[in-house]
Protein chains: 2
Amino acid sequence: MSKFDSYFLMQPADVVDYAREKVDRFAAGARLECAEIGDGNINYIFRVWEPQSEHSVVIKQAGPTARISDAFVLSTDRNRIEAEILMLGQLLAPGLVPQVYKYDEVMSCCVMEDLSDYVIMRRALIEHKTFPLFADHITTFMVNTLLLTSDVVLDHQKKKGMVKRYINPELCEITEDLVYTEPFNDYKGRNDVFAPNLEWVRQHVYGDAALRLEAAKLKFGFMTHAQALIHGDLHTGSIFIKPESTKVIDPEFAFYGPMGYDTGNIVANLIFAWANGDATLGDPLEREVFCGWAAKTLVEVVDQFNQKFLTAWPLHATEVFAREPGVDRWYLDNVLSDTAGVAGLEIFRRILGLAHVKDITSIADEGARVRAERICMQAGLQFIKQRARFRTGADFLQTLLRSAAEHPRL
Amino acid sequence: MSKFDSYFLMQPADVVDYAREKVDRFAAGARLECAEIGDGNINYIFRVWEPQSEHSVVIKQAGPTARISDAFVLSTDRNRIEAEILMLGQLLAPGLVPQVYKYDEVMSCCVMEDLSDYVIMRRALIEHKTFPLFADHITTFMVNTLLLTSDVVLDHQKKKGMVKRYINPELCEITEDLVYTEPFNDYKGRNDVFAPNLEWVRQHVYGDAALRLEAAKLKFGFMTHAQALIHGDLHTGSIFIKPESTKVIDPEFAFYGPMGYDTGNIVANLIFAWANGDATLGDPLEREVFCGWAAKTLVEVVDQFNQKFLTAWPLHATEVFAREPGVDRWYLDNVLSDTAGVAGLEIFRRILGLAHVKDITSIADEGARVRAERICMQAGLQFIKQRARFRTGADFLQTLLRSAAEHPRL
C-alpha cells in the first residue's frame, strides 16, 4: 500500500515522499527538498533536490483543471501524451528535449531531467540575451520531429496508429478558441486589448471581414490536417536554453496537426523578442546587437528549416511519390504558407487575446508599446492574408522591417 | 455454450444455425434457407430466408483476409466500423442505408435488412436502366453524412473522438495504393491495362510526370485531411437501387477523410455508365435515353450537391466562423476541387488498375472499348490537372463531352 496508489494533486511535501518512494535516483535516506517552480498555465512543476549530492529531478503533475483557471477542465491524459512525446523527441531529436526518467499513469506525473541550469528562453530574451546556436538547434528539432512523423517518412498504417494515440481534443479546443478564433471576433468576450490600441484594433482587426475569412481557413486546416506529430505550443516559453544547448519542453498540446503550427510559433515569438528589444533598448548599439541577433535568427530559422527539410526529405522519405520531382518543394511551400499564417495568428492572439506575452506587456512606455503592438500586428495581417508568398527568411524579415518603418518612433 | 462463442468463418449451414440462435426475427422452429450471395472483394454476404413467411435477413461476415485475395490480410474490426456507420447513416440520412438489426463483435458479422428486391446499381446501369430519383437521393445522402460529421457542424471535441474511433489504417492503405498510386506508376506491377491501349497509356499516363505530381498532392490530402466521416468506397457497386429507393451499403472503408472522395467516386462511376451506354447502345434513341439520363444525372449530382450543401450549411453549422461571409463557398469550392481530382483518380484506377469495372470491361467491341477508355481517361486527365476549375455539373459534363468529341467513333 502506498499513498500514491490512487491519484491526488500533490503538494511539495507529498512530492518529497514520492521521490523517496518512487524515483530511483537518490541515495536511500537522503534528505530531499522540494519546491513548486512552475509558472505555466496548465500543470504543476516541482523540483526535488538533495542538497548534499546536488542530484535533482523535476516532477511534473497534471491537475484535473488548468493551473491558470479551474474553468479549463482537462483530461490528465495530457501527461501521458507529454511523457511519450518527450521520449519520442529524444529518439528523433537527441539532446533537444529533456530526458524522461519515469512516467506514472496513476499519479499523472512524469519525472524528468532537471534543467535548472537552463533559463526559460522568453525570460532570457526579455533580458536581451542572445543565443547564436538557437536557429540551428530549433530547426533540427522541427525538421526531425515533424518530417519524421509525417506520411512522407512513416509507414502510413503506423502513422494512423499515432494519429489515434495522440488525438488531443481538449487542448486542441483551447488552441482553436484562443489562437484561431477569439483574437478576430472576441466571441467569448475574453480578449484583453491594450487600451490605447483599442480603436486601432477595432478598425484594423475586428473590422476586417477578409481577415476573419482567412483565419477561418487556417482554423479548418488546424482542425483537419493530420500532417505530423506537432509540439502544439512551441513558443519561447516552452524552451529551456543556455548558450550551448536548447531543450524543448511542455509538449502536452501535441497532436497530429499542420507542421506550420510549430514553425509559425517560433517565427512569431522571435518577432516579439525583436519588438521588445526595438521598443525598450535605448542604447543604439545594444539595440543593434539584440535586434540584429533576433532578425538574423528569424531569417536563419526559416532558411535553415528549408534547407534541412529538403536535405532530410530524400534521406528519409519512404512514400513512393516522395521522389517525384516537385513533390518536396510543393510540400515545403505548403508548410511555409502555414508558417506565415500561424505566425500572424500567434501575433494577434498574444497581443489581443487572453494569454499575453511578457515581451510585449513588459514594455513600460505606453507609446513604445502601442508602436510595438502595431508593428507586430501589421506584419501579422500580411502574414495571414498573403501567406502564400512567404518562402524565405528574408520574406518574413522584410515584412517586419517594412511594418516597423511605417510606424516611426514618436 | 454456443458454437458462436468464438470467431470462425461461417459456411451457409452455420449461418442458418446462427440465424436460429442469434437473430430474433424468425418464428421458433422455422425452416430457414441460406445462400452466399456476395460478389464483393472483401466480405462474405449470406442471405437467410424462411420460405414460408418470406421473412429474410442478410448476414455479412468479415473474414481474416479479403474475399478476393488472401494477400490482403485485414482486421475484422472493419465489420464494427461498417455496422456503426450504417447505424449512424440511418440517423443522418434516414431511409438511404439498410437497417442494421444486430452487430456481433465475436463473430465479426452484422445482421441487416435484406434488400433482395433491390439491384446493385452498377448491374442495372450496364443493362441501361435509368433511375430518375438517384441524383436527389445520393446528394441528400452525401450532404447529410458529410457535412453533418464535419467540424462545420459537429462539436470539435466529439468530432475528434469520431476521428479516433474510425481510424481505418488497413483499408485506407488499399485505397492509397490502388487509387492514388499504382494507376500512375504501376510500382507494384499489378496494373492490368487493356492491351490495345497500352501504348496510349504509356505515353499519356506513365509518361506524364506532372500527372504524378498532382496524384501525389491528392494522395497526401487523402492521408491527412480528416474532414468528414466519408463512406470511402461510394461507387455504383456499393449502391442498392430500385426506381423509388436508393440504399448505400458497404461502408467498411469509412474513415475521416476528404468529402470529395465520396462525391468524386459518384461522378466517375456515372461517367463509366455513360461511357458504357455510348459504346454499346447501337440504337440512337436508346443511346440518347440512357446516356441522356447519365449526363443529366451527372449534372444534377454536382448541382444538387452544391445547392443542398449551401442550404444545409446555415441550418446546421455550429462552428462560429461558419457564418462569416465566404466561408461556405470557400469550403464547398475545396470539396469540388477534390471531387474533380478524385473523379479523375477513380477513372484511371478502374481502367488501368487492379480492380476494373464491368461498365468498361463488358464493352465487347475492341475499338469501342479503346475509345471508351480514352474518352474517360482524357477527361480524367483534366479532372486531375485542372481540378480547381470544376464548380458545376456543366463543368464536368462539358469536359466529358469534349473528350468524346475528340475521339470520333471508328
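Which residues lie nearest the centre of the largest cavity? In this predicted model, they are V163(A), I167(A), A226(A), V163(B) and A226(B), five names from a lining of 27 residues. Let's start with the two chains and work back to that space.

**How the chains are related**

A turn of 180 degrees, with a shift of 0.0 Å along the axis, lays chain A on chain B with an RMSD of 0.0 Å. That is the relation of a two-fold axis. The interface fits this picture: 100% of the interface residues of chain A are also interface residues in chain B, so the copies meet through the same surface.

**Two contacts to look at**

One contact joins chain A to chain B, and another joins the two domains of chain A. The domain assignment splits chain A into domain 1 (3-113) and domain 2 (119-406). Their C-alpha centres are 28 Å apart. Here are the two contacts with their buried areas.

| Contact | Residues from each side | Buried area | Share on carbon and sulfur atoms |
|---|---|---|---|
| Chain A and chain B | 41 residues from chain A, 41 residues from chain B | about 3800 Å² | 70% |
| Domain 1 and domain 2 of chain A | 23 residues from domain 1, 28 residues from domain 2 | about 2200 Å² | 63% |

As background, the size of an interface is often given as the accessible area lost when the parts come together. If you would like names to pick out on screen for the chain contact, try K160(A), F220(A) and F321(A): in chain A these lose the most area to chain B, together 19% of what that side buries.

**Back to the cavity**

Rolling a probe the size of a water molecule over the atoms shows where empty space is left. Here the count comes to five cavities of 30 Å³ or more, and the largest cavity holds about 300 Å³ of space.

Both chains help to build the lining of the largest cavity. In chain A, α5 (156-165), α9 (209-224) and β12 (255-257) each supply at least two of its residues, and α5 (156-165), α9 (209-224) and β12 (255-257) of chain B do so too.

What is the character of the residues in the lining of the largest cavity, nonpolar, polar or charged? The lining divides into 17 nonpolar residues, six polar and four charged. Among the residues nearest the centre of the largest cavity, V163 and A226 appear from both chain A and chain B.

Technical notes: Residues numbered from 1 in each chain as written. Chains lettered and ligands numbered in written order. Predicted model: local features only at pLDDT ≥ 70, side-chain atom pairs only at ≥ 80, totals over all residues. Heavy atoms only, no water. Least-squares fit on C-alpha atoms with pLDDT ≥ 70 in both. Contact = heavy atoms within 4.5 Å. 1 Å grid on protein atoms, 1.4 Å probe; cavity = no way out; pocket = protein on both sides within 12 Å on 5 of 7 lines; lining within 4 Å. Points joined across faces, edges and corners; volume = space filled by probe spheres on them. Helix = DSSP H or I, 4+ residues; strand = E, 2+ residues; numbered from the N terminus. Nonpolar A, V, L, I, M, F, W, Y, C, P; charged D, E, K, R; others polar. Domains from an automatic or database assignment. Buried area = accessible area lost by both parts, 1.4 Å probe.
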